[in-house]
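Reader: I am a first-year student, and I would be grateful for a close look at a single part of this protein. Could you please take the charged part of the surface and set it in its surroundings?

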Amino acid sequence: MKFLLIVILFTFSFFTHALTGLKLGSKSPIITLTEASGNRFDSSKLSKKIIYVFYRGSWCPYCVKQLKSLNTELYPLLDKSKVELVAISVDKRAKAHKMKLKLNLNFPVLTDTKAISLKKFNIIN
C-alpha cells in the first residue's frame, strides 16, 4: 500500500509539474520543425501571430476530432494575413502526413518526435 501511494504521489507531482506551460504574457519561443509535407517550418520567419495546437498523435481519436473541428470551424474564421494556425505532434512525419491528407487539413502539421517544442513551451521537462 505504501509503495502504491508513493507511485501515485510521484505520478501526480510529475504531471502537475510537467503541465505548467508558458507564463501569461511570455514571448513565444522560436521553433524550427519539419512539416508533415517535408517542408521546414521556422517560426522566426513569420511576421504574423501563431496559434499552436499540441496533440498527442494520429492514434488519438479525441485529437483527430479536435483537428477536424479546428479545420472546419476555427480555420475559416482566421485572418490568414495576421494569424497562422499550426498543429504539432510527436508523430513521425509519415504518420502526420497521412493524417493531414486524410483529414484534408488546411493548416501546417509539424512533427516533433524529440518533443523539442514541448520543452521550449515548458509543457514537459
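Author: A patch, as the word is used here, is made of residues with over 30% relative accessible area and no salt bridge, with like charges joined within 9 Å. The model under discussion is a predicted one. In this model, Lys68, Lys92, Lys95, Lys98 and Lys102 form a positive surface patch. Helix H3, which covers residues 93–103, supplies the largest share of this patch, namely three residues. Lysine 98 is one of the residues found in helix H3.

Another member of the patch, Lys68, leads to the neighbouring elements of the chain. Helix H2 spans residues 61–74, and together with strands S3 and S4 this helix makes a right-handed β-α-β unit. The two strands of that unit, S3 (residues 49–55) and S4 (residues 83–89), are paired in the parallel sense, with seven bridges between them. Within this pairing, isoleucine 51 has leucine 85 of S4 standing opposite.

The remaining strands may be described in turn. Strand S1 (residues 32–35) pairs with strand S2 (residues 40–42) in the antiparallel sense over three bridges. Arginine 40 in S2 is the bridge partner of threonine 34. Four residues lie between the strands in the hairpin of S1 and S2, where glycine 38 takes a positive phi near 105°. Strand S1 is also joined to strand S5 (residues 109–111) by two bridges, and these strands run antiparallel. Here glutamate 35 stands opposite leucine 110 in S5.

Conventions
Residues are numbered from 1 along each chain as its sequence is written. This is a predicted model: local features need pLDDT of at least 70, side-chain atom pairs count only at pLDDT 80 or more; totals for chains, interfaces and linings use all residues. Side-chain values use heavy atoms; hydrogens and water are left out. Two strands pair if DSSP finds at least two bridges between them. A crossover is right-handed if, with the strands pointing away from the viewer, the path from the first strand over the helix to the second runs clockwise. Patches are made of residues with over 30% relative accessible area and no salt bridge: like charges are joined within 9 Å, nonpolar side chains (Val, Leu, Ile, Met, Phe, Trp, Tyr) within 5 Å. Accessible areas come from the Shrake-Rupley method with a 1.4 Å probe; for residues, only the protein chains shown count as cover. A salt bridge is a side-chain nitrogen of Lys or Arg within 4 Å of a carboxyl oxygen of Asp or Glu. Lys and Arg count as positive and Asp and Glu as negative; His and the chain ends are not counted. The place of a charge is taken as NZ of Lys, CZ of Arg, CG of Asp or CD of Glu.
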